[in-house]
Amino acid sequence: MSKTYKVGLIGCGGIAKAAHIPAYLLEKRAEVVAVCDIRPERAEFARSKFFKNAKTYTDYKELLKNEEVDYVDICTPNYLHSIIAVDALNAGKHVLCEKPDAVSVEEALKMKAAADANGKRLMVIRNNRYMDSSKKVKALADEGYFGDFYAGRCGWVRRRGIPGKGGWFTTKEQSGGGPLIDLGVHMIDLAIYFMGNPKPVAVSGNTFCKFANADDSDSVHSKFGDRVEGGTFDVEDLAMGFIRFDNGAVLQIEFSWASNIKKEYRFVELRGEKAGVSWTDGIAELHYEKNGKMKNEKVKANIVKLPHKENISHFIDVLNGEADPIFVPEQGIDMIKILSAIYESAKTGREVIL
């Protein structure tokens with residue numbers, strides 16, 4: 001019988017309320033016994049509204065002293081991910097963490113080292129892998145349906161969707177960057193996952209900031225984060241780049257919080273020797289030749305309204321020894337290497353060899 005795990009939720013803001021808390025209300029093998037936020041009213045709201053028997057904290061280090069907690073779920077601003085994760089792993093807790101893994105390669109390496117040293121499981125959220133359409137595309141890729149993927153492109157572009165303008169989202173010291181690190185993790189990860197996790201060897205890229213003074217929004221995602229009037233905006237609002245892998249494959253990338261385009265959408269498009277695939281906003285379509293004619297075929301898949309729940313359930317399966325992890329820390333390190341190198345390339349105007 002599967003073990004039920006006691007969870008300490010650290011960070012009770014936007015992503016916790018939108019995705020993690022609803023997931024825990026559905027996952028019967030996880031019980032949130034502790035909630036923490038530097039704003040006590042947020043921790044108290046999470047307790048009183050959803051987890052009435054949980055203890056509340058404003059200092060995560062105090063939560064880590066709670067021996068009842070089996071693992072922590074980190075939903076804080078980006079720069080705190082690695083700091084809290086390392087402390088939690090050293091305190092003997094397993095760690096589930098929101099993306100991005102860290103704001104630097106050095107910090108991502110520290111997370112893996114702490115997990116290894118303490119024999120604890122570390123997993124970072126990769127919710128798009130758990131969409132039903134994603135699972136089916138991955139299964140086809142693993143079966144060799146597409147042949148070798150040799151080229152592709154991916155992105156998440158918004159017309160006007162800057163989150164928490166003036167707050168931590170747009171402050172590089174706390175976020176690590178703009179849409180590249182915020183949105184790039186999602187689609188770059190999904191593309192590389194479909195491709196079989198090749199190792200990145202070189203990147204080049206450019207970043208732009210053209211909408212720091214724009215206040216309009218037409219994206220629900222702009223509601224994440226707290227706006228700070230007159231606050232900092234020292235990150236990009238558009239990033240474009242190019243990744244080369246050790247197997248010769250290449251990937252174009254594009255991520256924006258604001259740009260003059262037709263509509264917001266997220267996508268992965270990959271080209272294989274036998275067939276291609278496009279994944280757009282959770283809907284996948286196959287592209288292939290049959291009897292001398294090109295065919296397009298939608299992948300029959302269920303709509304997954306809460307992929308975070310599927311991600312959390314997989315984490316618990318792994319903790320229980322019932323599944324092998326489909327995400328390992330090395331993949332997170334490679335991701336942060338890619339993102340950091342694109343920022344470096346944008347700064348220097350040169351390709352960066354990894």
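Two strands count as paired if DSSP finds at least two bridges between them. By that rule β9 and strand β10 (residues 250-256) are partners, since 7 bridges join the two. They run antiparallel. The model discussed here is predicted.

Stay with this pair for a moment. Methionine 240 faces glutamate 254 of β10 across the pairing. The two strands form a hairpin with 4 residues between them. Within that hairpin, glycine 248 adopts a positive phi near 95°. On its other pairing, β9 (residues 238-245) meets strand β8 (residues 200-208). This pairing is antiparallel too, over 8 bridges. Here threonine 207 stands opposite alanine 239 in β9.

Now widen the view. These strands belong to an open sheet of 9 strands, ordered β14-β13-β12-β11-β7-β10-β9-β8-β15. Its pairing is mixed. Where does the sheet end? The edge strands are β14 (293-298) and β15 (352-353), each pairing on one side only. Further along the order, strand β7 (residues 149-157) is joined to strand β11 (residues 265-272) by 8 bridges. That pair runs antiparallel. Alanine 151 has arginine 271 in β11 as its bridge partner. As a general point, side chains in a regular strand alternate between the two faces of the sheet.

Two helices lie against this sheet. Helix α6 packs on it and touches β7, β12 (276-280) and β13 (283-290). The direction of α6 makes about 35° with that of β13. Helix α8 lies across β7, β9, β10, β11 and β12. Against β10, α8 runs at about 150°.

The two helices also pack on each other. Helix α6 (residues 132-143) and helix α8 (residues 179-194) have axes 9 Å apart, at an angle of about 35°. On the α6 side, the contact uses Ser134, Val137, Lys138 and Ala141. On the α8 side, the residues are Leu190, Tyr193 and Phe194. By class, this contact of α6 with α8 has 5 nonpolar residues, 1 polar and 1 charged. Past α8, in the loop that leads to β8, sits asparagine 197. Asparagine 197 has a positive phi of about 60°, although it is not a glycine.

Turn to the other sheet. This one is open as well, with 6 strands in the order β3-β2-β1-β4-β5-β6. Its pairing is parallel. At the edges are β3 (55-57) and β6 (122-124), each pairing on one side only. Neighbouring strands are turned against each other by 25° on average, direction ignored. How many bridges link β5 to β6? Strand β5 (residues 94-97) pairs with β6 over 3 bridges, in the parallel sense. Valine 95 stands opposite leucine 122 in β6.

The loop between β5 and α5 holds proline 100. The peptide bond from lysine 99 to proline 100 is cis, with omega near -10°.

Beyond that loop, helix α5 (residues 105-118) meets helix α10 (residues 329-348). Their axes come within 9 Å and cross at roughly 175°. Angles over 145 degrees count as roughly antiparallel, so α5 is roughly antiparallel to α10. From α5 the contact draws Val105, Ala108, Leu109 and Lys112. From α10 come Pro329, Glu330, Ile333, Ile336, Lys337 and Ser340. The residues of this contact divide into 6 nonpolar, 1 polar and 3 charged.

A further helix pair has another geometry to describe. The axes of helix α1 (residues 14-26) and helix α9 (residues 307-319) come within 8 Å, crossing at roughly 55°. The two are therefore oblique to each other. Their crossing is right-handed. Ile15, Ala19, His20, Ala23, Tyr24 and Leu26 of α1 meet His308, Lys309 and Ile312 of α9. This contact has 6 nonpolar, 2 polar and 1 charged residues.

Salt bridges come last. The model has 30 of them, counting a side-chain nitrogen of Lys or Arg within 4 Å of a carboxyl oxygen of Asp or Glu. In one, the side chains of aspartate 317 and arginine 29 meet at 2.7 Å, N to O. Why does this pair tie together parts that are 288 residues apart in sequence? Aspartate 317 lies in helix α9, while arginine 29 lies in the loop between α1 and β2 (30-36), so the salt bridge links those two parts.

Technical notes:
Residues are numbered from 1 along each chain as its sequence is written. This is a predicted model: local features need pLDDT of at least 70, side-chain atom pairs count only at pLDDT 80 or more; totals for chains, interfaces and linings use all residues. Side-chain values use heavy atoms; hydrogens and water are left out. Axes are lines fitted to C-alpha atoms, for helices over the stretch in contact, and angles run from 0 to 180 degrees between N-to-C directions. Contact means heavy atoms within 4.5 Å. Ala, Val, Leu, Ile, Met, Phe, Trp, Tyr, Cys and Pro count as nonpolar, Asp, Glu, Lys and Arg as charged, and the others, Gly among them, as polar. Angles under 35 degrees count as roughly parallel, over 145 as roughly antiparallel, 65 to 115 as roughly perpendicular and the rest as oblique. A crossing is left-handed if the near helix is turned anticlockwise from the far one by less than a right angle, and right-handed if clockwise.
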